[in-house]
Amino acid sequence: MSASKPVRRRFHEGTTIADLKAYMEPFVASLGYRLNTETEFVDEVLASEIEILEATGDVYCPCRVRTGDPKEDVRIVCPCIPFHAEQFAAMRKCWCGLFIRADVVDGADLLGVIEEPEAGTEVDVPVCRVADLPAGSIRHIKIGKSDIALARVGDEFYALSNVCRHAFAPLADGVLEGHEVMCPWHGWRYDVRTGHTDHPGADVKTYPVTVRDGEVLVSVTVR
Amino acid sequence: MSVMLYALSTCPYCRMAKKYLDESDVAYDILEVDLLEGAEKDDAVARVKELSGGTSFPVIVVGEEVIVGFNKKRMKELLGL
């Protein structure tokens, strides 16, 4: 492994713990997380991240090692929730516990508890807030390695594979008409409820969706 | 029984694990992987990956058993504390 090129600094000189909190909080909220309730612990983690920032130019997770391979290292830039969505949803926190799921009352209960889900476990992964997806629209979400199209018809949400079986086009770029999404490339139609298409043998996978406390969760199997 | 703690100098859980071992009077070796350089670091990262299947810390090796993360319960069991 050779050393990677220096990363362009992402934060201004003299970045503080308060700066990092202000920057991270809004978008971890949209992922269904918030800062741990253990404020001393949060400050300890963020102080470590600032040390790492000074040394490397970016805020890498203090509990995971940088290998020098940029493709691997980008997966541990804080918040690393999108790269580990299933594991963290099951653990109800990110690896180091800086962030906890929004509905966890006491983050102290999760400090140090490491129970990574086994392969094959079903996990409800938060993907967005109900208000983020207007009725009649469809958008792409990524959970781990799965590319998923999330559709909203009225107040119902549906999740199906984002990849059209014809020419592998992204279905979330297509047009949603009622319960049918039309592929943007050649017009194949899929029922978002069942993944069914009229083309024999070309149905796509669907995923169970639940809505809880204004949050949309897609159920996936941990691989 | 040999106890090895693979740690990062920046990681709060590694500090917790170290403190727990110290307070429990357990003899152990520690390797702070992020403080290594060059081939030595690459070797240590490769070893951690082989042991734990990832690059998350701490990795605590008790005899033949491997604990990933600061899992106090598991440490207690394996160390007979």
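Which residue of β12(A) does A:Thr210 stand opposite? Select both to see: the residue is A:Leu217.

This is a predicted model, in which local features need pLDDT of at least 70, side-chain atom pairs count only at pLDDT 80 or more, and totals for chains, interfaces and linings use all residues. Residues are numbered from 1 along each chain as its sequence is written, while chains are lettered from A and ligands numbered from 1 in the order in which they are written.

Next, select β11 (residues 209-212) of chain A together with β12(A); strands are DSSP runs of E of at least two residues, and helices are runs of H or I of at least four, numbered from the N terminus. The two strands pair in the antiparallel sense over 4 bridges, where pairing takes at least two bridges found by DSSP. They form a hairpin with 2 residues between them, and A:Asp213 in the turn has a positive phi of about 50°.

Add β3 (residues 122-129) of chain A, which pairs with β12 (residues 215-221) in the antiparallel sense over 7 bridges. Here A:Val123 has A:Val220 as its bridge partner.

Now select the open sheet of 4 strands in chain A, with the order β4-β5-β6-β10 and antiparallel pairing. β4 (138-143) and β10 (206-207) of chain A stand at the edges, each with a single partner strand, so one side of each is left without a neighbour in the sheet. Between β5 (residues 146-153) and β6 (residues 156-161) of chain A there are 6 bridges, and A:Val153 stands opposite A:Glu156.

Last, show both chains: 18 residues of chain B are in contact with 16 residues of chain A (C-beta atoms, placed from the backbone, within 7 Å). On the chain B side, α1 (12-23) and α2 (38-52) each give two or more residues, and α1(B) gives the most, with 3 residues.

Definitions and conventions
Two residues are in contact if their C-beta atoms, placed from the backbone, lie within 7 Å.
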